[in-house]
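Work through the exercises below with the sequence and the structure open. Try each task before reading its solution.

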Amino acid sequence: MRKILPIIDVLRNYDVSGLKGDAVAGVTAGVMMVPQGMAYAMIAGLPPVYGLYAAIFPQVVYAWFGTSRQLSVGPVAMDSLLVATGISALAVAGTSDYIGLAILLALMIGLLQLAMGVFRLGFLTNFLSRPVIAGFTSAAVFVIAINHLKHLTGVELISGKYLHDIVIDLMFRLDEINGWTLLIGLTGMVLIVVLKRWSPKLPTGLILVVVSAGVVYGFRLDTLGVAIVGYVPEGLPSVAIPTWDLEQVRALAPMALTLAFIGFIEAYSIGRTLQYKHKNEYEVKANKELIALGLGNMIGSLFSSFPTTGSFSRSAVNDAAGAKTTVALFFSALVVLLVLLFLTPLFYYLPSAILASIIIVSVLGLIDIEEVKTLWHTDKYDFAMLMVSFVGTIMFGIEWGILFGVLLSLVVLIYKASIPHIAELGQIEGTRFFRNIKRFDQAYDRPDVGIIRFDARLFFANVSALQETIRTILAKKPEMKLFVIDAQSISDIDSTAISALRDIHVDMQNRGITLKLTSIIGPVRDKLYRCGLADQIGLENIHESIAAAINSGQESDLPFQSNSLK
């Protein structure tokens, strides 16, 4: 049961201090989720109340099955945009057919994610390196922050996933900014920063929500153009299995597959970012995340929920407010549930600008400037991946930013694999140690002996690098009589590499040079034995160390047997 339900481990060590943090964070994120859910439902082309339905059941399910302790699950802006883009081609927004397709889409996404988790396809996240996640996260922060400028300024800007479109629209409409709205939003941002520094444990977001609603009501700022949350519909949805037919499933299949993967990547990226932030106090497990998100979407669809995933903004708020475990999600869901049933009048005068200020300040904390600086100084390849993911997300949207980052990761991986590190070794005088002659001036490079260490898996993509290195050494040492390949770092070898080693051996035989291999690990040694290359090279030319290879007969050699140490 602990493997199936991660919350069991959470509850076994749960204490009162954790409950306090989870309660405050859950309530704060839940209060945010009410207007956000309604807004995101409208972005998706659905009636606002469906955003509240999507804010309850998926996160309750995730609380039981999820492994990220601060991730907040529910409707999100980017996925809502993608839902609207896809379904609008099949039905008119707001109609019963459109709503039915959105709910069916959530069910299909859930089934796909659940299947991916059960069949352990979480390894796909291995193609997302940390720089890609950092670039994608940083760009998404800007996209989310810019999308909330309309609430911060009171200008009804265009909605979209392209940041530059929104910024340009705002620049041409500066004269429409509502002064009171901007003042409330900026004041909220300043107070959040100041209060957090003054007292980090203070529930700043919750305090601002309550105080700002009272201020707007007391001074009737809503009559001066300050946007408020307004009326929230009451009641819970009925339980029903989404209706479908084969044509609808076929039409939605490409979008479901895309959103299943993107939704998972979004949630997993946020979860990993928060894991790093908390110094790896816990582990976000990809396959369990797929199962948790999949079950959340599936069960949510039974309660009229449209597609959901992890939220950047609410996760940031959840974390900043002190969430310790997934128990916070129960409080968030409870807030939305109470709002739907009893508390809608209390949120009527809540200014949207305060919610925007909370979101903007919270998500900005997800940007890791130090990570960017470190990559710039230590690894230009990783820095390039970060920037491609960042720029791709900013310019073309989250799905393309992820795709660009993954593709660049693969290109860099292939490039690095094809150009392995190969060290030419020399003996440190008076010792049995052999070191890289480019790093150690005291390493003696004998003109009649060539020694290299191949520091990678030897396979089809990099075998040409080995051959080129050997040709270069042979050309500069015409007196060579012995060539040694130190194989201690070769973790595996494929058929192409075995064939290349045969060619190298034959070529050296023709030149009158003896080829010797040293320090071969068990699995590689077994392959060489099974394919007959060991016999071709000669068991007497396979040694336990470079010193043994050079001084054959003076030291005992490691027997080359197929059943030797693996």
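## Exercise 1: An aromatic pair

At 12% relative accessibility, F459 falls in the buried class. The model is a predicted one.

Task: classify F460 as buried or exposed, then describe the ring pair that F459 and F460 form.

Solution.
- Step 1. Take the cut-offs: buried is under 20% relative accessible area, and exposed is over 50%.
- Step 2. Apply them to F459. Its value is 12%, so F459 is buried.
- Step 3. Apply them to F460. Its value is 56%, so F460 is exposed.
- Step 4. Choose the descriptors. A pair of aromatic rings is described by the distance of the centres and the angle of the planes.
- Step 5. Count the pairs. The model holds 10 aromatic pairs.
- Step 6. Describe this one. The ring centres of F459 and F460 are 5.2 Å apart, and the planes meet at 85 degrees. Planes over 60 degrees apart count as edge-to-face, so the F459 and F460 pair is edge-to-face.

## Exercise 2: Charges and clusters around rings

Task: find which charged end sits over the ring of F459 and which sits over the ring of W376. Then name the tyrosines that ring pairs link into a cluster.

Solution.
- Step 1. Return to F459. The charged end of R457 sits over its ring, 4.6 Å from the centre.
- Step 2. Go to W376. Here the charged end belongs to K380, and it lies 4.6 Å from the ring centre.
- Step 3. Look for linked rings. Y217, Y348 and Y349 are joined by ring pairs into a cluster.

## Exercise 3: A nonpolar surface patch

Task: list the members of the nonpolar patch, find which helix gives the most to it, and place F396.

Solution.
- Step 1. List the members: M387, V391, M395, F396, W400, L403 and L407. Together they have about 590 Å² of accessible area.
- Step 2. Find the helices. α18 (380-396) and α19 (398-418) each supply at least two patch residues.
- Step 3. Pick the main contributor. α18 gives the most, with 4 residues.
- Step 4. Place F396. This residue is in helix α18.
- Step 5. Classify F396. Its relative accessible area is 41%, so F396 counts as partly exposed.

## Exercise 4: Two buried loop residues

Task: locate T326 and N541 in the chain, and list what each one touches beyond four places in sequence.

Solution.
- Step 1. Locate T326. It lies in the loop between α14 (312-320) and α15 (327-343).
- Step 2. Check its exposure. T326 has 4% relative accessibility, so it is buried.
- Step 3. List its contacts: I7, Y62, A63, G66, S68 and R69.
- Step 4. Set sequence against space. T326 and E370 are 44 residues apart in sequence and 28 Å apart in space, C-alpha to C-alpha.
- Step 5. Locate N541. It sits in the loop between α23 (533-537) and β9 (542-543).
- Step 6. Check its exposure. N541 has a relative accessible area of 12%, so it is buried too.
- Step 7. List its contacts: T514, L515, K516 and L517.

## Exercise 5: The whole chain

Task: what do the secondary structure, the extent and the burial of the chain come to?

Solution.
- Step 1. Count elements. The chain has 24 helices and 9 strands.
- Step 2. Take the extent. The C-alpha trace spans about 95 × 50 × 50 Å along its principal axes.
- Step 3. Take the burial. Of the 566 residues, 54% count as buried.
- Step 4. Add the surface. The chain exposes about 25,700 Å², and carbon and sulfur atoms supply 63% of that area.

Conventions
Residues numbered from 1 in each chain as written. Predicted model: local features only at pLDDT ≥ 70, side-chain atom pairs only at ≥ 80, totals over all residues. Heavy atoms only, no water. Patch = residues over 30% accessible without salt bridge, like charges linked within 9 Å, V, L, I, M, F, W, Y side chains within 5 Å. Areas by Shrake-Rupley, 256 points an atom, 1.4 Å probe, with all protein chains shown as cover. Salt bridge = Lys/Arg side-chain N within 4 Å of Asp/Glu carboxyl O. Buried < 20%, exposed > 50% of the residue type's maximum accessible area, 1.4 Å probe, protein only. Phe/Tyr/Trp six-rings, centres within 6.5 Å; stacked < 30°, edge-to-face > 60°. Lys NZ or Arg CZ within 6 Å of the ring centre and 35° of its normal. Contact = heavy atoms within 4.5 Å.
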